[in-house]
Amino acid sequence: SALVHELMECALSETDSPKQGDYLRYQYGGYELEYGYEERDGIYQYHLTVTPNYYTTLKQEETVDVKVARILAGMHFHWYTSEAEKVRRIYEYVYDTVEYDMVHRNNRQYHLKTTAYAALTNRRAVCQGYSVLMYRLLREAGVNARVITGTLKEGNGTEYHAWNLVEIDGAWYNLDVTWNRMLESDAYYLKTDRSMEDHVRDEAFAAETFYAQYPMAKQDYAEK
């Protein structure tokens, strides 16, 4: 099982494909493992069968492909469109069209709420669905992005949360479209960690090695 866990981590690592990396990681609910071996003439041959559990079907992902292509085609991006402009227009699309899924928020059996499919088709999702859709659209448009997780301080408590990191001109910024939509503001648009102290990253995303790979901007992004 340790070997398969390592293999799955490799399979879910970032690549150049918008449909791999974080897009898979956050629409995936673990895997089932079966294994055994055969012995012939003193030689042991092991067999591993790994079955990933995805939150969407192939047909649903084909629907996502069509919708993503149509959305981006409608934005008419060109080679001279800046990264900042792409981020703003994609952000505004998600902000304007996706509502927070209050109905299924606490239903742990309803995993569709965490997917790009739900955000695009049902127009409702939770933070993970918002973040995965942002990731997919940004990556398809040629903008580097990540989905990160952690906790959000709200009142006297905290809750699990997901948001995006976005790269513009070599520097990385936090972008939380979910919370902005809830607050009806741009308070968490292209911000430094210092400007988002109520967002606490999970340990993996707060490590020095992660920051070295994704160096954060020194100041909040100022749109021209």
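Leaving aside neighbours within four places in sequence, Asp-22 touches Glu-14, Tyr-135, Arg-146 and Val-147. This report begins from that residue in a predicted model and then turns to the chain as a whole and to further residues.

**Asp-22 and its surroundings**

Asp-22 belongs to helix H2, which covers residues 22-25. Its relative accessible area is 1%, so Asp-22 is buried, given that burial is assigned under 20%. One of its contacts is also a polar one: the side chains of Asp-22 and Arg-146 are joined at 2.6 Å.

**The chain as a whole**

The protein chain contains nine helices and nine strands. Its radius of gyration is 19 Å, close to the 17 Å that the globule rule gives for 224 residues, and the chain is therefore as compact as a globular protein of that length. Along the principal axes, the C-alpha trace spans about 75 × 40 × 40 Å.

Of the 224 residues in the protein chain, 43% are buried. The accessible surface amounts to about 12700 Å², and carbon and sulfur atoms account for 49% of it. Among contacts in the chain with a separation of 6 or more, 59% link residues that stand 24 or more positions apart. The protein chain carries 24 positive and 35 negative charges, and the mean positions of these two sets are 6 Å apart.

**Gly-150 in strand E5**

Strand E5 comprises residues 145-154, and Gly-150 is part of this strand. With a relative accessible area of 0%, Gly-150 is buried. Gly-150 and Arg-201 are separated by 51 residues in sequence, yet their C-alpha atoms are 4.2 Å apart in space. Arg-201 also appears among the contacts of Gly-150 beyond four places in sequence, together with Val-200 and Asp-202. The other residues in contact with Gly-150 under that condition are Glu-159, Tyr-160, His-161 and Trp-163.

**Thr-192 in a loop**

Thr-192 is located in the loop that runs between strand E8 (189-191) and strand E9 (199-201). Although placed in a loop, Thr-192 is buried, with a relative accessible area of 4%. When neighbours within four places in sequence are set aside, its contacts are Asn-174, Ala-217, Lys-218, Gln-219 and Asp-220.

**Two residues with positive phi**

Asp-169 has a positive phi of about 55° although it is not a glycine. The same description, a positive phi of about 55° in a residue other than glycine, applies to Leu-190. Asp-169 is situated in the loop between strand E6 (157-168) and strand E7 (171-175), whereas Leu-190 is in strand E8. The relative accessibility of Asp-169 is 65%, so this residue counts as exposed, the limit for that class being over 50%. Leu-190, by contrast, is buried, with a relative accessible area of 0%.

**Accessibility of the residues described**

The table gathers the relative accessible areas of the residues discussed above.

| Residue | Relative accessible area | Class |
|---|---|---|
| Asp-22 | 1% | buried |
| Gly-150 | 0% | buried |
| Asp-169 | 65% | exposed |
| Leu-190 | 0% | buried |
| Thr-192 | 4% | buried |

Conventions
Residues numbered from 1 in each chain as written. Predicted model: local features only at pLDDT ≥ 70, side-chain atom pairs only at ≥ 80, totals over all residues. Heavy atoms only, no water. Helix = DSSP H or I, 4+ residues; strand = E, 2+ residues; numbered from the N terminus. Rg over C-alpha atoms; globule rule 2.2 N^0.38 Å. Buried < 20%, exposed > 50% of the residue type's maximum accessible area, 1.4 Å probe, protein only. Contact = heavy atoms within 4.5 Å. Areas by Shrake-Rupley, 256 points an atom, 1.4 Å probe, with all protein chains shown as cover. Lys, Arg positive; Asp, Glu negative; His and termini not counted. Charge placed at Lys NZ, Arg CZ, Asp CG, Glu CD. Polar contact = N/O pair within 3.5 Å; in protein donor to acceptor, adjacent residues only side chain to side chain.
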